[in-house]
Amino acid sequence: MPADAVRVLEAALADAAGAEVALERPGDPSHGDYATNVALRLAGARRQPPRTIAEELVEKALGLPAVERAEVAGPGFVNLWLEPAWYGDALAGILAAGEHYGGGSAATPERVQVELVSANPTGPIVVSAARNGAYGDCVARLLAFAGHEVEREYYYNDAGTQMERFRASVEAARRGEEAPDDGYRGAYVAELAADPGDPVPEMLHRIEASLERFRIHFDSWALQSELELRLPEFLPRLETYERDGALWLRSGAYGDDKDQVVIRSAEKGGLPTYRAADIVYLADKLGRRFDRAIYVLGADHHGTRNWYAAIARMLGFDPGRVEVLLYQFVHLVRGGETTKMSKRAGDLVTLDELIDEVGVDAARWYLVNRDHDQTIEIDVDLAAEKSRKNPVYYVQYAHARIASILRNAEASTVSALSSEAEPPAELAVEERDLIKRLAEFPTLVAEATERRAPHALPNYAIQLADDFHRFYHEHKVLGSEAEPFRLALVTATQTVLARSLDLVGVDAPDRM
RNA sequence: GCGCCCGUAGCUCAGCGGACAGAGCGACGGCCUUCUAAGCCGUGGGUCGGAGGUUCGAAUCCUCCCGGGCGCACCA
């Protein structure tokens, strides 16, 4: 049994219709288990009334073993009611796939690098960088689940102007002076000043620790200073010119908003700009290491989209291999008050503070549960609340409840699951709804992956938990007539809940 | 001025071509001798920013307008 029962049914119907068929779940239960609009779509091309096409499809659909009832509705929808056997097969397919259910959707697996966070080590990770991390890490998780080979890299500037200001601020603190006007301040500067030597490695160490705590692990770290040294080896492949004493890249001719300075003029110091490192870095990624390079950047960097595409083209790479994923900003709300954060001001909200306050699970949940293109407000008070009000715990609770049922079940019954998962003659609505929800998962994950939109997962997890809680409330699993089937159902639900949470980076506890 | 993103219930946001638009919070009312009540059920609440257009069908696609966020450094 293939793992995706809906696609199997779609394929059978497509065969009957002679065209692609997409099934959807009608909002109104009286419109069947599934419905399709093919007849409406085909009407124009076939020069036939949609209802006529729908009638024919209904006839053919009734010939399929999975279909219990089919009828034409409205302007030409085909509504389908499915046999319990279909639900049984769907469930068996999920159990057979186990924790791989919904995964492996990549048509051609690639080597993908996701470069994320990449905040310069001038201070602790703040909340907007945390969104970068949460979002980027979830995209990486999705890609890996789809079958790609994924590496996470952190890139940072260890030598530029900002770093000099940072070092100068720490130096000033060591001398007991105020930070320069354009410098950095805050308790962490004083802490770093207490130890002698370069504060950058220690700052990086702290950042890594925060991110590990946030369940983001980096495979590698890249330094701007090392990359920019290699600019000369790529210069022959680039179109450059001198103006006002600086070396410019003709990126404007390749789709960038304008040309960019790569090496500063002598009076500005004569050093390479960060764009020099960008070029080397991209050439290195696409030339040797990866099929695809993904950059996760804040919305204020949207201009870099054209920049990266331009240098890819100039270097002779397909710009389609470069993706710049942007996310909008985060505001924290506490007691109804919005916290504005700026990096140089002292009153920033750090990732560690957020985790201390709401926990890793809630922090990750709230940072990825919205569209990355949406500016978000996180209600810290709600996120911190361990109650029914908080969707994170609502979902985790469903998982824990199932774990509890499984603990109480006979071990022998649980181990024999798949073979005894015969569905009862009559399925309750709650059972049908739950299986249909589980059946949505592969499509949902594949879409979330393609669209780089992990926020679909927490939203799905809420719906799945919802379906489960309703089922749980109405039906007894242990000791019921349909115990083997329901144990199978509940096991599959637990697997999918756990996967949904895992893709978001949230724990799936067995007890709460 | 040019460019990117967003305007959906009192608030925070899902939905992004289909049949009467959803969730959480907030407000109000029910349900625990039952596998975890961190649960379930119910009530109230929306001209989907506005105007045109495409389509059998638009919150969803296109154009324009209004409102908000963010960019347009020899900073990163």
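At 32% relative accessibility, Glu202 counts as partly exposed. Its partner in this predicted model is Arg206, and the two side chains meet in a salt bridge with N and O 3.1 Å apart. Arg206 is partly exposed as well, with a relative accessible area of 27%. Both residues belong to helix 8, which spans residues 199–213. They sit 4 residues apart, about one turn of the helix.

## Salt bridges

The structure has 42 salt bridges. Three of them are set out here, with the distance from N to O.

| Pair | N to O distance |
|---|---|
| Glu202 and Arg206 | 3.1 Å |
| Arg167 and Glu164 | 3.5 Å |
| Glu177 and Arg175 | 3.2 Å |

Arg167 and Glu164 lie in helix 6, residues 161–174. Their spacing is 3 residues, again about one turn of the helix. Glu164 is partly exposed, at 42% relative accessibility.

How exposed is Glu177, the partner of Arg175? Glu177 has a relative accessible area of 43%, so it is partly exposed. Arg175 reaches 52% and therefore counts as exposed, a class that begins over 50%.

Salt bridges also form a network. Its basic members are Arg25, Arg432, Lys436, Arg437 and Arg470. Its acidic members are Asp33, Asp433, Glu440, Asp466 and Asp467.

## The five-stranded sheet

An open sheet holds 5 strands in the order 7-6-5-11-12. The pairing is parallel. At the edges are strand 7, residues 220–223, and strand 12, residues 322–327. Each edge strand pairs on one side only. From one strand to the next, the twist averages 25 degrees.

Within this sheet, strand 5 covers residues 111–115 and strand 6 covers residues 149–156. The two run parallel and share 5 bridges. Val112 stands opposite Val150, which belongs to strand 6.

Two helices lie across the sheet strands. Helix 5, residues 127–146, crosses strand 5, strand 6, strand 11 and strand 12. Its direction makes an angle of about 135 degrees with strand 12. Strand 11 itself runs over residues 292–298.

Helix 11, residues 274–289, lies across strand 5, strand 6, strand 7, strand 11 and strand 12. Relative to strand 5, helix 11 runs at about 155 degrees.

## Strands 13 and 15

Is strand 13 mostly covered or mostly open? Strand 13, residues 330–334, is mostly covered, with 4 of its 5 residues buried. Strand 13 pairs with strand 15, residues 376–379, through 4 bridges. The two strands run parallel. Leu332 faces Ile378 of strand 15 across this pairing.

## Positive phi in two loops

Val117 and Asp244 are both residues other than glycine with a positive phi. For Val117, phi is near 60 degrees. Val117 lies in the loop between strand 5 and helix 5. At 8% relative accessibility, Val117 falls under the 20% cut-off and so counts as buried.

For Asp244, phi is about 50 degrees. The loop that holds Asp244 runs between strand 8, residues 240–243, and strand 9, residues 246–249. Asp244 has a relative accessibility of 62%, so it is exposed. Of these two loop residues, then, Val117 is buried, whereas Asp244 is exposed.

## The cavity

How many cavities of 30 Å³ or more does the structure hold? There is 1. The largest cavity encloses about 40 Å³ of space. Its lining consists of Arg131, Tyr135, Leu367, Val368, Arg370, His372, Ala453, Pro454 and His455. Helix 5 and helix 14, residues 360–368, are the elements that give two or more residues to this lining. Helix 5 therefore appears twice in this report: it lies across strands of the five-stranded sheet, and it helps line the largest cavity.

Conventions: Residues are numbered from 1 along each chain as its sequence is written. Chains are lettered from A and ligands numbered from 1 in the order in which they are written. This is a predicted model: local features need pLDDT of at least 70, side-chain atom pairs count only at pLDDT 80 or more; totals for chains, interfaces and linings use all residues. Side-chain values use heavy atoms; hydrogens and water are left out. Two strands pair if DSSP finds at least two bridges between them. Axes are lines fitted to C-alpha atoms, for helices over the stretch in contact, and angles run from 0 to 180 degrees between N-to-C directions. Contact means heavy atoms within 4.5 Å. A salt bridge is a side-chain nitrogen of Lys or Arg within 4 Å of a carboxyl oxygen of Asp or Glu. Buried means under 20% relative accessible area, exposed over 50%, partly exposed in between (1.4 Å probe, protein chains only). On a 1 Å grid over the protein atoms alone, a cavity is a set of points where a 1.4 Å probe fits but cannot get out, and a pocket is an open set with protein on both sides within 12 Å along at least five of seven lines; lining residues have an atom within 4 Å of a point. Grid points are joined across faces, edges and corners, and a volume is the space filled by probe spheres set on the points.
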